[in-house]
Amino acid sequence: RAMKARAKKATTTTKPNFVVGFVYLLATQLTSKLLPFFINTLVARQLTPEEFGVPTVHFYLLSTVILTTREGFRRALMRDSVSDASLRYAWFVLPIGGFLSIAVPTAVLWSQNISTAEPYGLALAYYGVAAFIELCAEPYYIRAMRLSAFKLRLVAESISTVLRSVLTYVLVSKTQNNVVMAFAYSQLLYATSMAIIYIASTPKALAKSSTKDTATVKLIGIFSVQAVWKLVLAEGEKAALIAVAAADEVGVYGLVASLGAAFARLVLQPFEEAAFVIFTRSVSSKTSSSKEKDVFDALLRVAIIFGSMAATMGPHYSWLALRVLYGEKWASAHYAAETLGCYAILILPLAVNGITEAYAHAVMSSSELNSSNVWLLVCSLVNVGGTLILQRSLGPVSLLVANAMSMLVRIAFTSAYIRRRFLRLKTNTRVNLPSKTYFMTLAVFSAVSRMSSEKLRRDPSTMNLLSHTGCGGGILFILLVALYILERDAFKVLAKHDKSE
């Protein structure tokens with residue numbers, strides 16, 4: 001009884017507000033992604049685009065296919081409406097993931113007629129093993145997140161990712177003739193570290209029940225189907241690119257994706273995860289419809305603010321980022337700067353879609369989630385079809401253009417649903433966007449940045465490089481001041497909102 005009381009107290013007293021949860025998640029991204037990002041930059045400088053594309057696109061795609069197994073369990077079991085006793089269903093991720101960990105690498109090896117005696121084939125097999133080891137930690141991860149154990153996630157991801165990055169750099173530096181195995185060994189270390197930390201640190205579930213929870217099983221199934229469609233939507237175009245593009249173009253996309261997604265991983269991902277938790281708690285605690293709408297408006301405004309900043313300023317600093325981080329070889333690579341610039345523009349629809357989908361998934365019924373899966377299928381077809389059609393003329397940029405098109409379809413669907421929900425709640429459906437003054441300020445500084453960028457591309461001297469960098473720093477400072485003056489009320493709403501509401 002005493003143990004149950006302590007567990008109950010842990011779940012009820014661990015209620016940080018949005019800012020606390022977001023800061024922990026952001027710190028997780030900064031320490032687990034930013035430091036390894038710079039180490040990986042040193043790795044990329046030693047490799048050609050062809051060498052870099054295999055582990056960052058081919059192997060990443062294989063791992064993602066296997067790890068998609070866990071997404072349905074996470075979305076379903078982290079809902080507040082699901083009881084602790086139903087967390088036992090999280091263990092079903094292991095047999096499913098175990099099957100995929102064998103089947104997916106085997107299918108790839110068979111389709112390409114590759115043996116595990118070859119480094120590429122052996123590395124594929126190791127990536128499958130690493131994915132299963134990582135899935136072994138999933139029941140503990142779900143339990144930890146239900147307890148709002150953001151600090152545990154910070155520790156686990158930070159330690160594991162830094163270990164992987166350091167080992168990758170050491171092995172690539174010493175054995176440049178066997179790059180794929182260097183990445184494979186590092187991925188095994190990462191997965192083992194994650195599993196050990198979560199298994200050792202997460203409190204065991206005390207609630208036990210033999211009663212079948214049909215509603216939870218159905219929810220897991222719905223979210224799992226949705227995860228499959230999202231996989232096709234997010235990664236299908238990568239498979240299409242591997243099939244039709246040259247090896248150097250695949251490498252360019254792999255490098256640009258790691259650099260262009262840095263903002264998305266560091267800021268947007270923890271922002272979306274924290275938003276989903278806030279929305280589920282607001283609905284389950286029956287927060288008033290006006291407060292629910294206020295929080296949604298504030299989150300959407302913040303997403304638009306930072307997304308529009310990246311979309312308007314990022315393209316003008318893409319070449320500079322490649323030149324400084326990866327050197328002239330990568331900066332002058334075919335389509336590299338253009339692809340990174342397009343990725344910066346894509347951040348705006350990514351940010352908006354993250355918030356609208358987080359809200360929709362938190363409040364949708366099972367039947368509504370099923371209907372949303374149909375839309376994800378449509379988006380998947382748009383994404384893959386657009387990549388195949390545009391690849392010949394746009395190269396790796398085609399992936400981002402197709403991704404933007406499908407993202408707009410997803411935003412349209414969730415926005416229409418959210419509007420209908422607010423009408424049912426008899427709440428004002430008007431969305432509070434950032435001020436016109438902010439957008440005008442962005443437009444002016446975007447034009448200034450473009451002129452500075454064109455000057456640098458014509459004459460890439462040290463003086464022009466420093467001038468363009470200083471221009472960006474000054475603009476960023478002014479934009480932050482403008483945010484404080486014009487948009488600080490949105491941040492105040494989030495700072496005051498508590499998940500217990």
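A salt bridge here is a side-chain nitrogen of Lys or Arg within 4 Å of a carboxyl oxygen of Asp or Glu. Keep that handy for the exercises below.

The model is predicted, so local features need pLDDT of at least 70 and side-chain atom pairs count only at pLDDT 80 or more, while totals for chains, interfaces and linings use all residues. Residues are numbered from 1 along each chain as its sequence is written, and side-chain values use heavy atoms, with hydrogens and water left out.

**Exercise 1.** Work out which residues Arg 70 pairs with, and in which helices the distant pair sits.

*Solution.*
- Step 1: Start with Glu 71, which forms a salt bridge with Arg 70, the closest N and O atoms being 3.7 Å apart.
- Step 2: Then look at Glu 134, whose side chain meets that of Arg 70 in another salt bridge at 3.2 Å, N to O.
- Step 3: That second pair links distant parts of the chain, with Arg 70 in helix H4 (residues 69-77) and Glu 134 in helix H6 (residues 119-135), 64 residues apart. Helices are DSSP runs (H or I, at least four residues), numbered from the N terminus.
- Step 4: Check exposure, where buried means under 20% relative accessible area, exposed over 50%, and partly exposed in between (1.4 Å probe, protein chains only). Arg 70 is buried at 13%, and Glu 134 is buried at 7%, whereas Glu 71 is partly exposed at 32%.

**Exercise 2.** Find how far apart Lys 293 and Asp 297 are along their helix, and say whether each is buried or exposed.

*Solution.*
- Step 1: The two side chains, Lys 293 and Asp 297, meet in a salt bridge at 2.6 Å, N to O.
- Step 2: Both sit in helix H12 (residues 289-313), four residues apart, so about one helical turn separates them.
- Step 3: Lys 293 counts as buried because its relative accessibility is 4%, and Asp 297 counts as buried at 4%.
- Step 4: For the full tally, the rule gives nine salt bridges.

**Exercise 3.** Identify the helix that gives the most to the largest nonpolar core.

*Solution.*
- Step 1: A nonpolar core is a set of buried Ala, Val, Leu, Ile, Met, Phe, Trp, Tyr and Cys residues joined through side-chain atoms within 4.5 Å.
- Step 2: The largest one has 118 residues, and those touching the most other members are Phe 59, Tyr 198, Phe 279, Phe 296, Leu 322, Tyr 326 and Ile 355.
- Step 3: Helix H15 (residues 336-363) gives the most to this core, with 14 residues.
- Step 4: Zoom in on Tyr 198: leaving aside neighbours within four places in sequence, its contacts (heavy atoms within 4.5 Å) include Ala 137, Tyr 140 and Arg 153.

**Exercise 4.** Place Ser 449 in its helix and list what it touches.

*Solution.*
- Step 1: Ser 449 lies in helix H18 (residues 436-458).
- Step 2: Ser 449 counts as buried because its relative accessibility is 0%.
- Step 3: Not counting residues up to four places away in sequence, Ser 449 touches Met 313, His 316, Tyr 317, His 468 and Ile 475.

**Exercise 5.** Contrast that with Leu 408: which helix holds Leu 408, and is Leu 408 buried or exposed?

*Solution.*
- Step 1: Leu 408 is found in helix H17.
- Step 2: Leu 408 is exposed, because its relative accessible area is 53%.
- Step 3: Leu 408 and Cys 379 are 29 residues apart in sequence, yet 9.0 Å apart in space, C-alpha to C-alpha.

Key
Helices (H or I, at least four residues) and strands (E, at least two) are DSSP runs, numbered from the N terminus.
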